[in-house]
Amino acid sequence: MLLYILRRIALALPALFGLVVLTFILSRVVPGDPAATLAGDAATPAQIADIRARYGLDRPLLEQALVHVRQVVSGDLGNSLFSGRPVSLEIMQRLPATLELTFVALVFATILGVALGLVAALDHNGPIDHLVRIVSVGGLAIASFWLAIMLQLQFSMEWNILPLRGRIDVIYGMPHRVTGFLLIDTLLAGRPDMFLDALRHMVLPAITLALPGLATIARFTRSGVLEALQKDYVLYARAAGYGRFRLAAIYVLRNAITVTVTQIGLLFGALISGAVAIEAVFDWPGLGTYAVQAILSADYKALLAVTLVVGVVYAVVNVLVDVAQALIDPRVAQRAR
Amino acid sequence: MINRLLRASAIALSLVVAAPLAASAQQRPLVWGDTLPATLDPHAIFDVPSQFILLNVYDGLYRYQSNPPQLEPWLATSHTVSADGLTWDFTLRSGARFHDGSEITAEDVAYSFRRLLTLRRAPAAAFTPVLTAENVTAPAAHTVRFVLSTPYAPFLSAMPLVAIVNPRVLSQHVENDDWGNAWLAAHDAGSGAYRLNPETYQARVAMDLERFPEHFMGWAGNAHPIASVRSRPVMETSTRVLALLRGDIDATDSYLPPDQVERVERNPRTRVARDESMRVFVIRMNNSRAPFDNKDARLCLAHAFNYEGFNNVILRGFVLRNAGPNPNNLWGNPPDLAPYSFDLAKAKEHCDLARAAGVDLSRPLEIHVQNELEQTVQAAQMYQADLRRVGITLRIVPNTWPGITGATGSAATTPDMWIHWVSTYFVDPENWIGQMYDSQFQGTWKASSWYTNPEVDRLLRAARTSLDQAERARLYSEATRIVVADSPDIWVYNTVNLRGLSRRVQGYSFSPVGSGGEMRLMSLEN
């Protein structure tokens, strides 16, 4: 198993290296001159050239790329062009917010998606199956930013039962930062009131983010369960007198879920990138809003770092998914040998 | 089993829904929903959001107050200028203190200017052509001296751009000769009416300010000053408006969309502050290339923009038609300056004249818009439809501010046309016509129309060096008349700033510099 995990990690490294090089080239060939933005209004071409030289932006692209790769390999993501602070520091302030939201959305999507998929498969072509199908098609078709605004209008403005924006009410301030995850830090600070407030702030963005994932998981679980239900061992188990619920939940689901687990891994990446629009609408101070701000101010150092961090998170999740698959179905690890 | 699950879910849900009651029992601090700058270092950046830091956390030698803006002595009490316009002496107020309690000295002021001129970032641009770091000195305890390389009349108007920073605090945080730049990005070394809480600061996300009771201006003019300000920028316009209506924030940015004004005013808890600003909406033309190098072609384009339709229908009349490059409410404008009218017949006449002179108007023209700023897109779309009626094809190219300004460094890469605003950085025609149409500034985004007229250059340069205010007004007026007749760009409107405010905010006072974000003047009604 250990060998299997190491092999998966080794496979992720070249992909990350490719990501570093490719994103650097992309970020430097698109229009936008960070030096001009830094120099500000009424700066003369000479001042802009001076700044360009000071930040090494006048060097040949290949040389800049090599410097960038060397920096990244040595663990230095560089400083933001605008704040002058290490990008890694700024990202670490933002990353927990995105990870927390994504994780909660994923748990929500997984639990509900698997349950809906299972129920739909057991009621194949019945009314529940049709209902789940409508929910899944709707979940995939509805634009997230539209849903976000609709939820805000209904739950925050009309009914006034859930917060509109942000991670926590301004009256509380932020709890002492230990992990950066508010749901954990508020509990560590012994503040259940703040925990509840943070939880309330998470409901609408998490639902918005979860919906497309929920739909995907429900569809994959449904088809996986339907396929498993056709297997001989199910027929045997039925003949042996196993109850319908026990058979589905314990035997069928375990065999059917491997495909869904792969999907959950892919979804994690999709959710992180999908968080950009949702973070903007809900003012969620995560990596998505940081990336948008970096794009709008041509802070390419910040942008490259965000891309790399998302790439690393994605790679780590992929390795975890491979491991989870091997744990659920030991044949996967054996086949990989 | 199912019943137990349902009951547990109901309890959890009711807890989640009922939790706000605990929070709402306390009085909410003032929550400011405007944008925050990328860095808090006042010498590293200069844009509209950074003025909020400049006005609240720092002080300068002079400051603009009220509307129309008046330049008032601030940390300085007065100044003198030598007859040749080169030596400026500022007398410093005594007793003003930084947030750490130390007194502000003339040497601190000189240090601040030296830091600005060495870092050479955005706010330095107004000074670097005429001032070097070694020419800022403190000859006496309360005197700061600036010796300019050439006379520069707008020098005083640019003075409020510069924040005075505390060298004793900064010297403890210098890394790699950065003058404490990285540290100051998230900390405070000022003397302003509010001080930053660095513990809770999160770049562009959250900034908490606490009142500085020892501020040198005192608090006598404000019986109930605001003790704590929570700056919480709201990214999306729709969320920002909803947050104001709901009472989550007390102020939006000052660019409330015109279609939201009525909605905000209908709400009993909120209002809209409308103030004429100095921020001109302009459609640029690249005069260095055909067809814009032909005056008739430019006049055709100037008459084909539907000013009335854009200003009064799309923007619902919440702007003021502006005839030339300087805002209407600034000195130095000819009193009888007539704006271009929307007249397609006249536009066709000029287009025909241009064609007769051999100008090719058949190639599609490109207009670059700032995609995240809806008005630029709306203006381009409306313009595209009207230009089609005079036989000109306009192609709209989505872009961003850095994308466009990065391209304006050379005439070859500057777009055919692009749309932006020129905001108030300092209140002097130099900020608008001076830097937009003097050919020496070509290569900067402000002079991106690549317009060259030796007579205009002469007038603007004379106005820049003259210390006679009446003479300067005459020179700018004459230059404006020539520039408007040449029609190098299309000037559309002067902005009326629209800021959504909670009615509990009292004492809001607008000035085009800083857009009314000076907290010192405000109080909070319960």
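How many residues of chain A are in contact with how many residues of chain B? Let's work through that and a few other exercises on this predicted model.

**Before you start.** Residues are numbered from 1 along each chain as its sequence is written, while chains are lettered from A and ligands numbered from 1 in the order in which they are written. Since the model is predicted, local features need pLDDT of at least 70 and side-chain atom pairs count only at pLDDT 80 or more, but totals for chains, interfaces and linings use all residues.

**Exercise 1. Describe the side of chain A that touches chain B.**

Step 1: Get the rule straight. Two residues are in contact if their C-beta atoms, placed from the backbone, lie within 7 Å.

Step 2: Read off the totals. 52 residues of chain A meet 56 residues of chain B.

Step 3: Find the elements involved. Those giving two or more residues to this side of chain A include α5 (87-122), α9 (192-229) and α11 (244-282). The largest share, six residues, belongs to α9(A).

Step 4: Sort by class. Ala, Val, Leu, Ile, Met, Phe, Trp, Tyr, Cys and Pro count as nonpolar, Asp, Glu, Lys and Arg as charged, and the others, Gly among them, as polar. That gives 26 nonpolar, 15 polar and 11 charged residues on this side of chain A.

**Exercise 2. Work out what chain A is built from.**

Step 1: Count the elements. Helices (H or I, at least four residues) and strands (E, at least two) are DSSP runs, numbered from the N terminus. Chain A has 14 helices and zero strands.

Step 2: Look at the overall extent. The C-alpha trace of chain A spans about 85 × 55 × 40 Å along its principal axes.

Step 3: Check burial. A residue is buried if 20 or more other C-beta atoms lie within 10 Å of its own, exposed if 12 or fewer, and partly exposed in between, with C-beta atoms placed from the backbone. Of the 337 residues in chain A, 42% are buried.

Step 4: Bring in the record. An unreviewed UniProt entry lists "transmembrane region" for several stretches of chain A, among them 101-122 and 302-328. UniProt positions use the numbering used here, feature names are shortened, and annotations may be inferred rather than shown by experiment. Residues 101-122 of chain A are 100% helix, with end C-alpha atoms 31 Å apart. Residues 302-328 of chain A are also 100% helix, and there the end C-alpha atoms are 39 Å apart.

**Exercise 3. Split chain B into domains and describe how they meet.**

Step 1: Take the bounds, which come from an automatic or database domain assignment. Domain 1 of chain B covers 30-202 + 504-524, and domain 2 covers 277-496.

Step 2: Note the spacing. The centres of the two domains, taken over C-alpha atoms, are 32 Å apart.

Step 3: Look at the contact. Domain 1 of chain B supplies 18 residues and domain 2 of chain B supplies 15. On the domain 1 side, 15 are nonpolar, three polar and no residues are charged.

**Exercise 4. Find the partners of strand β11 of chain B.**

Step 1: Recall the background. Strands of a sheet pair through backbone hydrogen bonds, either parallel or antiparallel. Here, two strands pair if DSSP finds at least two bridges between them.

Step 2: Take one partner. β11 (residues 270-285) of chain B runs antiparallel to β16 (residues 490-502) of chain B, with 11 bridges. B:Asp275 sits opposite B:Asn497 in β16(B).

Step 3: Take another. β11(B) also pairs with β15 (residues 417-422) of chain B, antiparallel, over six bridges. This time B:Met285 faces B:Met417 in β15(B).
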